[in-house]
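Let's take a walk through this protein together, starting with a single residue and working outward from there. Keep the structure open beside you as you read.

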Amino acid sequence: MADALTEPRPAASPSEVYVNAVTLGRRQDGTPWYLTIIGRHTLVVGCSGSGKGSIFWGVCAGLAPAVRAGVVRLWGVDLKRGVEVGMGKPMFSAVATSPAEAVKLLTRLLAILEERGNRMAGQTRLHRPTPVDPLHVLAIDELAVLTAYTDPETKKEASRLLAEILTQGRALGVVVLACVQDPRKEVVGLRGLFTQTIALRLRSAEETRMVLGDGAAAVAPAHRISPAMPGTAWVVDEDGAMDRVRADWWSDQLVRQVATQHPAPVVEAVATAAPGKGGRGTGGVPRAGSGSGVPAAPATGHTTSGRTPARNPRAPRKQRTRSTDGSSAA
């Protein structure tokens with residue numbers, strides 16, 4: 001017997017338009033590993049160097065032909081200063097590289113979700129992607145920076161927005177792919193809202209139980225994956241069975257090549273959007289200032305808390321003196 005996952009395998013440039021699922025790599029029996037996209041929120045957990053990038057690009061680049069066709073729209077939140085998403089930025093309709101920008105992006109995406117929900121109410125319970133009404137995929141790298149390691153105000157707002165997207169987005173065609181290193185509840189408080197989880201190499205049996213569930217440490221020991229096998233993971237199938245898989249490796253050159261071949265047809269200006277004001281059937285909004293009704297950026301006379309800053313007290317007026325002829329002088 002031999003381990004079919006021992007040798008790494010390079011990824012291949014996608015050519016077909018797939019929306020429902022993407023091919024990420026192979027299972028331990030040598031068959032292809034498909035990851036369902038529609039109707040699923042995916043959490044990828046693994047320590048540094050475990051191969052999260054292979055899954056991140058396996059999903060985003062795997063959807064690239066659908067992006068170019070307008071059936072899928074990618075939204076990127078890269079809290080590693082943009083070094084990850086920057087490789088394939090042309091594929092994304094919008095990218096945030098700081099927690100503050102991420103809050104604006106989430107706000108815009110929630111506005112799309114609200115508009116779509118109002119339009120679908122009483123018509124259908126499951127969104128079907130079309131070029132006019134695409135599937136929106138939010139891809140987040142280093143989720144913990146947004147949910148645990150930023151300032152309290154930003155963390156609270158980001159968690160609120162993300163919770164609404166996770167609880168409402170599946171049926172409305174807005175799904176989330178998030179990568180994180182630390183699976184603890186105090187770091188990823190929304191862990192239970194993700195509907196499928198991929199466990200790459202973890203640090204301990206306790207982390208394996210956190211990610212895959214009670215009893216998983218014995219049958220799916222993600223904490224025993226070798227550091228020499230990045231991209232190897234344990235997953236739980238729909239029938240509850242555990243399976244070992246390995247994602248294909250995406251080089252920087254291949255990511256840039258796919259992004260060049262399949263650029264996003266729509267680029268959004270998310271920094272000026274506000275909830276409830278995004279109203280197009282495609283979920284797309286032209287850039288602010290184009291006369292399309294996109295709200296402009298807030299006035300510079302306001303702080304981030306929305307309060308008007310205090311003004312300096314006005315100097316008292318000089319008293320007027322009245323001359324003998326009845327005229328007044330300053």
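## A buried glutamate and its surroundings

Glutamate 142 counts as buried, because its relative accessibility is 14%, under the 20% cut-off for that class. The model you are looking at is predicted. You will find glutamate 142 in the loop between strand 6 (135-141) and helix 4 (143-147). Its backbone deserves a look too: phi is about 60 degrees, a positive value, although glutamate 142 is not a glycine. Most residues other than glycine have a negative phi.

Arginine 81 makes a good companion to this first stop. Here phi is near 65 degrees, again positive in a residue other than glycine. Arginine 81 lies in the loop between strand 4 (72-78) and strand 5 (92-96). Is arginine 81 buried or exposed? With a relative accessible area of 77%, arginine 81 is exposed, whereas glutamate 142 is buried.

Now step back to the whole chain. The protein has eight helices and twelve strands, and buried residues make up 48% of its 330 residues. Among contacts with a separation of 6 or more, 68% join residues 24 or more positions apart.

Let's move inside. The largest nonpolar core has 45 residues, and those with the most contacts inside it are Val77, Leu106, Leu138, Ile140, Leu143, Leu162 and Val176. Helix 3 (residues 99-120) gives the most to this core, with nine residues. Valine 77 shows how such a residue is surrounded: leaving aside neighbours within four places in sequence, valine 77 is in contact with Ala96, Ala102, Leu105, Leu138, Ala139, Ile140 and Asp141. There is also a second, separate core of 42 residues, with Ala66, Ala247, Leu254 and Val255 among them.

Next, look for empty space. How many cavities of 30 Å³ or more does the structure hold? There is one, and about 50 Å³ of space lies in the largest cavity. Its lining is formed by Leu35, Thr36, Ile37, Arg40, Thr42, Val59, Val137, Val175, Val176 and Leu177. Strand 2 (32-36) and strand 7 (174-180) are the elements that give two or more residues to this lining, and the largest share, three residues, comes from strand 7. By class, the lining has seven nonpolar, two polar and one charged residues. Val176 takes part in this lining and is also listed among the residues with the most contacts inside the largest nonpolar core.

What about disulfides? A search of the whole structure finds zero. The sulfur of cysteine 60 is 8.4 Å from the closest cysteine sulfur, in cysteine 179, so the two are too far apart for a bond. Both residues are hidden from the surface probe: cysteine 60 is buried at 0% relative accessibility, and cysteine 179 is buried with a relative accessible area of 1%.

For a last stop, find threonine 195, in the loop between strand 7 and strand 8 (196-199). Threonine 195 counts as partly exposed because its relative accessibility is 37%. Not counting residues up to four places away in sequence, threonine 195 touches Gly39, Arg40, His41 and Arg170. One of these partners, Arg40, also lines the largest cavity. Threonine 195 and arginine 170 are 25 residues apart in sequence, and their C-alpha atoms are 9.6 Å apart in space.

Conventions
Residues are numbered from 1 along each chain as its sequence is written. This is a predicted model: local features need pLDDT of at least 70, side-chain atom pairs count only at pLDDT 80 or more; totals for chains, interfaces and linings use all residues. Side-chain values use heavy atoms; hydrogens and water are left out. On a 1 Å grid over the protein atoms alone, a cavity is a set of points where a 1.4 Å probe fits but cannot get out, and a pocket is an open set with protein on both sides within 12 Å along at least five of seven lines; lining residues have an atom within 4 Å of a point. Grid points are joined across faces, edges and corners, and a volume is the space filled by probe spheres set on the points. Helices (H or I, at least four residues) and strands (E, at least two) are DSSP runs, numbered from the N terminus. Ala, Val, Leu, Ile, Met, Phe, Trp, Tyr, Cys and Pro count as nonpolar, Asp, Glu, Lys and Arg as charged, and the others, Gly among them, as polar. A disulfide is a pair of cysteine sulfur atoms within 2.5 Å. Buried means under 20% relative accessible area, exposed over 50%, partly exposed in between (1.4 Å probe, protein chains only). A nonpolar core is a set of buried Ala, Val, Leu, Ile, Met, Phe, Trp, Tyr and Cys residues joined through side-chain atoms within 4.5 Å. Contact means heavy atoms within 4.5 Å.
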